[in-house]
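Colleague: Could you teach me how to read a sheet and its packing in a model like this one?
Modeller: Gladly, let's have a look together.

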Amino acid sequence: IRKITPRSNRTRKVSDITHIARHHSATDTGNWASFWKYWNETKGWGTGGYHEIILRDGTVQLCYDPEEITNGVGGQNAYTYHITLVGNGSFTPAQEKTWEERALFNLKRFNLPVSRVLGHKEYPGANTACPGVDMGVVRNRLIYLLSKVVEAAIKPVAIAKPVVVPNLHMAVVIGSVNDYESAELVAAHYKAPIYPRSAIK
C-alpha cells in the first residue's frame, strides 16, 4: 500500500538504518486505515508509525519504503525500521511466523545482527509496554532460525572431500549454536561467512 500512504517526514539513506523495532498495536484488531485515522486526526501526524503492519491472519501491509522515516519511537526514528503486529501482547501463530520471515528478511537486507532488533520499550527514553513480549525470547528465536540457515548452507562442506570456496579470505568459525550471536557481529563487520568447527577439515 506504499503508493497510497501519506508522508510528510524527511527521508534517509538505507545505509542509515541500524535497528529494527518490534511493536504491537495495543488493539485487538486494526489495519493501516484505522491506525492512520488515529495518527492523523488525533496525533496530527503527516506520516504513519510503521513501515510494516502484520495483521492477525499473518498478512503484511507494506506501508513505507525503508528510506521513509516513520513515527514509531520518539526521537529514535532516523535510524530505525518499524514493524508492528496487530494485537495487545497476544499474537497468532500466523503473525509470529510472518514476523520471523520479515525480521530475517530485513536483517539480511540491512546487513544487521540480531542484537539490533529491539522492542519499542528497549529504546532510550521509552515508557511503554510495547511490544508486549519478552524481546530476549524473540531474539533467541531469530538466532536459532539463523543457525538453521547456516547449518543448511554448510552441509555440502561436511563431506569427505571439502569444497573449496574461491576468493574466500576470511571466515568466522564457531564451536556451537550458542556462539552464533557474538560471531554474527564480527561476521557482519568483516562481511565474512560463518562456519561451525565441525565443517573445518
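Modeller: We will go through the sheet, then the helix on it, then the cores, keeping in mind that this is a predicted model.

Colleague: Where do I begin with the sheet, and what is the order of its strands?

Modeller: Strands of a sheet pair through backbone hydrogen bonds, either parallel or antiparallel. Here, five strands form an open sheet in the order S3-S2-S4-S1-S5, and the pairing is mixed. S3 and S5 (117-119) each have a single partner strand, so they stand at the edges with one side lacking a neighbour in the sheet. On average, neighbouring strands are turned by 25° against each other, direction ignored.

Colleague: Which helix packs on the sheet?

Modeller: That is H2 (residues 93-110), which touches S1, S2, S3, S4 and S5. The direction of H2 makes about 170° with that of S4.

Colleague: How many bridges join S1 to S5?

Modeller: Three, and the two strands run parallel. Look for Ala21, which stands opposite Leu118 in S5.

Colleague: Is Gln61 buried or exposed?

Modeller: Gln61 lies in S3 (residues 60-62). With a relative accessible area of 16%, Gln61 is buried, because the cut-off for that is under 20%. Its contacts include Trp32, His51 and Leu55.

Colleague: And which residues touch the most other members of the largest nonpolar core?

Modeller: In soluble globular proteins, nonpolar side chains tend to be buried together. In this model, the largest core has 20 residues, and Ile20, Trp99 and Val117 touch the most other members. H3 (135-154) gives the largest share, five residues. Among the contacts of Val117 are Leu107, Met135 and Leu142. A second, separate core of ten residues includes Trp36 and Tyr64.

Methods. Residues numbered from 1 in each chain as written. Predicted model: local features only at pLDDT ≥ 70, side-chain atom pairs only at ≥ 80, totals over all residues. Heavy atoms only, no water. Helix = DSSP H or I, 4+ residues; strand = E, 2+ residues; numbered from the N terminus. Buried < 20%, exposed > 50% of the residue type's maximum accessible area, 1.4 Å probe, protein only. Contact = heavy atoms within 4.5 Å. Pairing = 2+ DSSP bridges. Axes fitted to C-alpha atoms, helices over the stretch in contact; angles between N-to-C directions. Core = buried A, V, L, I, M, F, W, Y, C linked by side-chain atoms within 4.5 Å. Lists of a residue's contacts leave out its neighbours within four places in sequence.
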